[in-house]
Amino acid sequence: MPVVAFSQHLKASIVAVLLNTLVLLWTSTAQAEIEYVRLHKGPGAAYPIVFEVSSDHVMDPIAVRGDWLLLSDGRKQGWLPLSELHLVKSVSVAQMWQLRNDARPSDWRLELNWNSESALGFGAVIPLHDQDLFGRYTVSDHGAFGWSVGEVGLTRQIGSILNFQVLGSAAVGVGSEYGGSNHWNSDTDEIVPLALVSAEVVWAAERYLDVALRVGTNISLDSDMVNHSSVSLAWKLRL
C-alpha cells in the first residue's frame with residue numbers, strides 16, 4: 001500500500017475511533033442523568049414493583065394514603081413513596097407541598113416554643129372550621145423572680161410565601177409575676193389582663209412536624225399599659 005494511502009487510511013481510522021468514543025461518552029452521560037421511578041402495586045414497600053418509568057415521564061397524582069402517593073399516566077398506575085416524589089418532574093413544587101400536607105395525620109398540634117425574652121412556652125392547637133383555636137402558656141424563670149403568660153386565642157391563614165404559610169393570631173390572656181419582678185411594672189405580684197397579637201411563618205418540615213417563626217406583641221390592659229414584643233421559634237407536632 002502506498003505511504004500516502006496508508007497515512008490517509010490511518011487518519012480516517014483515528015477519526016472514526018474518536019467519533020465513536022465521543023458518541024459512547026455522550027450516550028453514557030445522557031443515560032447516567034436519567035433517573036427512574038419505580039411504582040409499586042400497593043402503598044407499601046412490601047408490594048411488588050409493577051412498572052418503572054423515567055423521571056420525565058408525565059404522571060398525575062391520584063390519591064394519597066399515608067406516606068404513599070398513587071400516580072397514573074392514563075394507562076398504568078402505581079404507588080410511590082412521598083420521600084421520592086421529587087423524582088417525578090411532572091409534579092410541581094406546589095403540588096408536592098400540597099400532597100405532603102394532605103398526607104399529614106391531622107390538624108391537631110402540640111407546640112413547644114422559645115422566645116427572645118428568654119422564655120419557654122407550650123400549648124395546643126385545635127382546628128375550628130376555617131381557623132384554629134389555641135391555648136398557650138409561656139414562662140420566664142430566673143430563680144428568685146420571673147413571670148408567666150397564659151393565653152387563649154384564634155389563628156388563621158392570611159397568606160402564603162412559596163411553600164410557607166403565613167398565619168395571623170389574636171388572643172386574650174393573663175400575666176403574672178413573682179419575686180419582685182417588674183415585668184408588668186406592678187408593685188405587687190398580681191394578675192394582669194392582657195391582649196396579644198402575632199404573625200408567624202410556618203414551614204412544613206416533615207409529615208409530623210411544622211416549624212414556625214413568630215413575631216408577637218402583648219399589652220397589659222391596666223393603668224400601666226405595658227407592652228412587650230418578642231420573636232419566637234416554635235415546633236408544632238401533629239397528632
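Two strands are said to pair if DSSP finds at least two bridges between them. In this predicted model, strand β8, which spans residues 131-141, pairs with β9, residues 146-161, in the antiparallel sense over ten bridges. One of the bridge partnerships between these strands links L133 to L154 in β9. The hairpin of β8 and β9 has four residues between the strands, and G143 takes a positive phi near 85° there.

Strand β8 also pairs with β7, again in the antiparallel sense, over nine bridges. Here G123 has R136 in β8 as its bridge partner. Two residues lie between the strands in the hairpin of β7 and β8, where H129 takes a positive phi near 55°.

In a regular strand the side chains alternate between the two faces of the sheet. Strand β8 shows such an alternation: the side chains of D132, F134, R136, T138 and S140 point to one face and are buried. Those of Q131, L133, G135, Y137, V139 and D141 point to the other face and are not buried.

S140, from the buried face of β8, is among the residues in contact with E117. E117 is found in the loop between β6 (109-115) and β7 (119-128). Leaving aside neighbours within four places in sequence, the other contacts of E117 are W147, H183, H228, S229 and S230. With H228, the side chain of E117 forms a side-chain polar contact of 3.3 Å. E117 is buried yet has no salt bridge; a salt bridge would require a side-chain nitrogen of Lys or Arg within 4 Å of a carboxyl oxygen, whereas the nearest side chain of opposite charge, R214, is 11 Å away.

Definitions and conventions: Residues are numbered from 1 along each chain as its sequence is written. This is a predicted model: local features need pLDDT of at least 70, side-chain atom pairs count only at pLDDT 80 or more; totals for chains, interfaces and linings use all residues. Side-chain values use heavy atoms; hydrogens and water are left out. Buried means under 20% relative accessible area, exposed over 50%, partly exposed in between (1.4 Å probe, protein chains only). Lys and Arg count as positive and Asp and Glu as negative; His and the chain ends are not counted. A polar contact is a pair of N or O atoms within 3.5 Å; within protein, one must be able to donate a hydrogen and the other to accept it, and residues adjacent in sequence count only if both atoms are side-chain atoms. Contact means heavy atoms within 4.5 Å.
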